[in-house]
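Subject: Structure handover

Hello,

Here is the structure for you to look at. My notes on what turned up follow below it.

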Amino acid sequence: MASKVIQALYNDDDVLMHAVKKVRAAHHHIEEVYTPFPVHGLDKAMGLEGTRIAIASFMYGCLGLTVAIVMMNYIMIEDWPQDIGGKPSFSYLENMPAFVPIMFELTVFFAAHLMVITFYLRSRMWPFKKAENPDKRTTDDHFLMEIGVHDNESELADLLWETGAVEVKVTEKES
Amino acid sequence: MYTFSNRLRIGSFIAMAAGLLFLGIGFVSAPSTVEEAKAMVASAHGDDHGGGHAEEATGHGEEQGHGAAAAHGEEHDASHDTHLLHQLQNRPWSALYVAAFFFFMIALGVLAFNAIQRAAQAGWSPILFRVMEGITAYLVPGGIIVFVILLLSVLHMNHLFVWMDAETVAHDELLQGKAGYLNPTFFLIRAAIFLGGWIFYRQYSRKLSLAQDESDDDSNFIKNFRWSAGFLVFYLVTESMMSWDWIMSLDPHWFSTLFGWYVFASMFVSGITVIALVTIYLKSRGYLENVNNSHIHDLAKFMFGISIFWTYLWFAQFMLIWYADIPEEVTYYVARFQDYKLPFFGMLVMNFAFPLLVLMNSDYKRVNWFVVMAGIVVLLGHYLDIFNMVMPATVGDQWYIGLPEIGGLLFFGGLFVFWVFTALTKAPLQPKRNPFIEESKHFHY
């Protein structure tokens, strides 16, 4: 990551989308785009890869289902197969309908919660985390595109002004 | 404009002819006397054994069921023999009824979907309205055929509905108690009202839809919106009652409160599947140029979601009855567990596990052959669903998927294809002046 970055501010998401496409067409690497709300199609325009969080969630769901089955098979069938109201505790299959609500709920529980935790971990979000915000206006009504500078400051600045930026500035990036 | 391809037309005629032939064989080979029935069962006994063992081998085995069935076969008192005769005589009738109802309910499910899309003012689906209207065209002949079968039942041409038999009712206090609702005259009047209402909405909505193309304001569209919303109210009430009348009353001692919803879910998912299949077919022939894979994706999402909704209702009905185990309710499932293991559990795999795993992935829902494959399995699964609702009450353990059943599927499948694709040739496949048509053309997800 370049230590020096150029930041262009926009005040319209359509202009931003066009700018992203132009900058990509000129073969500059966009390091980050900050927006106050999800801009539809921005990830495609930036060429970001699709998320795999749904696949993770599916696997977590399978894990939850397994936990439910193993737990209830052990408790209800193997450890102490009591006769409770005439329910057939001879084998798991025979009493399975009674376990389905729990199997379903645990599948959803695991799939949902572990997926959310995965999301937090992958996007590095936690309480007391220092906000990484280059410009406060990007949380309200401005869009910011950040590009690394490699001795091509003025050329980049020209390009960005051309794309309809309302403000272009060069800053040192800490880290 | 769509032109009906000759190959498809000829194919549908062949299917109809073969279906009629198979059904005819089924009716001719049904026994007419007790002796014939006994001889048939005796000769088929070897097969039954094989079938029973095969089912046990699939893992749902319960020795009890097989033993009971065998013991049942040994009992040879007179009343049992008449019972057997009626079961065997019912078989071609049930095959006819299951197939007739199955294709009719597809058209009805599409009609409900169409009304929902109009009432919800969906932006993605108007481009598919003509496809839906084409499929609902089958409602008219399909509904009339179902009505005729019900009429023939009332006229004692068959023993599908036991409560129609005055002799049986005379000895059955439960049926006497229900006679206020379950009596032949009222039954036919209800059926006529249901079918009349559905067919009226179908024809009127179609007329408004076509008129909207030619008009210069949106008044037809608004009228159609209001009629659709009204129809949905009518439909929810009548569909529920229809399921009590036409299916639940086959087991007149049994009752279930969510049965109407359960039948609805079955017809809804079959209907949506058929919309997807017809759309993919027309698209592959180059007729629906503005339909893109996002439309297919949406339909596949509906197939996926409603398949799970169906399973939810199936399980809710089954589990409540299994859990409480009240004798007067549980017989319904006992009969199916003992004699219908393979279709009963096979249907769960086809209607739940298969679409769940195949249609979960968002990318696969855009792949035509994936949707077609899932669609065929879902349709067959829902045929089995209707089969499992009707057959245990009418033929009991004498069921078999043979000539009459396949003949019913072929005949009504051929008629369905012929009627639907003929209706599709009657109007341009893309509505012209629907207020949402531009949005629908550019729909992208």
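In which sense do strand 2 and strand 3 of chain A pair, and over how many bridges? They pair in the antiparallel sense, over four bridges. Before going further, please note that this is a predicted model.

**The strands of chain A**

Strand 2 covers residues 30-34 and strand 3 covers residues 143-148. Two facing pairs are worth finding on screen. A:Tyr34 stands opposite A:Leu144 of strand 3. A:Glu32 has A:Glu146 of strand 3 as its bridge partner.

Strand 3 of chain A also pairs with strand 1, residues 4-10. That pairing is antiparallel too, with six bridges. Here A:Ile6 stands opposite A:Ile147.

How well covered are these strands? Four of the five residues of strand 2 of chain A are buried, so the cut-off of under 20% relative accessible area makes this strand mostly covered. In strand 3 of chain A, six of the six residues are buried, so the rest of the structure largely encloses this strand. Its side chains split by direction. A:Phe143, A:Met145 and A:Ile147 point one way. A:Leu144, A:Glu146 and A:Gly148 point the other way. Both sets are buried.

**Where chain A meets chain B**

The contact draws 10 residues from chain A and eight residues from chain B. About 690 Å² is buried between the two chains. Carbon and sulfur atoms give 80% of that area. On the chain A side, A:Phe58, A:Lys87 and A:Pro97 supply 60% of the area buried against chain B, more than any other three residues.

How many salt bridges cross this interface? The rule finds zero between chain A and chain B.

There is also a nonpolar surface patch with residues from both chains. Its area is about 500 Å². Chain A contributes A:Ile55, A:Phe58 and A:Met59, and chain B contributes B:Leu357 and B:Met360. Helix 3 of chain A, residues 53-79, gives the largest share, three residues. A:Phe58 therefore appears twice: in this patch, and among the three residues that supply 60% of the area chain A buries against chain B.

B:Met360 sits in a loop of chain B, between helix 14 (341-358) and helix 15 (368-394). Its relative accessibility is 35%, so B:Met360 counts as partly exposed.

**Salt bridges**

Over all chains, the structure holds 17 salt bridges. Three are picked out here.

One is in chain A. The side chains of A:Lys129 and A:Glu132 meet at 2.9 Å, N to O. A:Lys129 is partly exposed, because its relative accessibility is 26%. A:Glu132 is exposed, because its relative accessible area is 56%.

The next is in chain B, where the side chains of B:Glu133 and B:Arg206 meet at 3.0 Å, N to O. This pair links distant parts of the chain, 73 residues apart. B:Glu133 belongs to helix 5 (residues 129-136) of chain B, and B:Arg206 to helix 9 (residues 184-214) of chain B. Buried or exposed? Both B:Glu133 and B:Arg206 are buried.

In the third, B:Asp245 pairs with B:Arg190, and their closest N and O atoms are 2.4 Å apart. B:Asp245 lies in helix 10 (residues 219-246) of chain B and B:Arg190 in helix 9 of chain B, so the pair ties together parts 55 residues apart in sequence. B:Asp245 is buried, because its relative accessibility is 0%. B:Arg190 is buried as well, because its value is 3%.

Chain B also has a salt-bridge network. B:Arg118, B:Arg130, B:Glu133, B:Arg206 and B:Asp213 are joined into one by salt bridges that share partners.

**A buried loop residue in chain B**

Last, look at B:Asp251. B:Asp251 is found in the loop between helix 10 and helix 11 (259-284) of chain B. Its relative accessible area is 17%, so B:Asp251 counts as buried. What does B:Asp251 contact, leaving aside its neighbours within four places in sequence? The contacts are B:Tyr332, B:Arg336, B:Met389 and B:Ala393.

Best wishes

Notes. Residues numbered from 1 in each chain as written. Chains lettered and ligands numbered in written order. Predicted model: local features only at pLDDT ≥ 70, side-chain atom pairs only at ≥ 80, totals over all residues. Heavy atoms only, no water. Patch = residues over 30% accessible without salt bridge, like charges linked within 9 Å, V, L, I, M, F, W, Y side chains within 5 Å. Areas by Shrake-Rupley, 256 points an atom, 1.4 Å probe, with all protein chains shown as cover. Salt bridge = Lys/Arg side-chain N within 4 Å of Asp/Glu carboxyl O. Helix = DSSP H or I, 4+ residues; strand = E, 2+ residues; numbered from the N terminus. Buried < 20%, exposed > 50% of the residue type's maximum accessible area, 1.4 Å probe, protein only. Pairing = 2+ DSSP bridges. Contact = heavy atoms within 4.5 Å. Buried area = accessible area lost by both parts, 1.4 Å probe.
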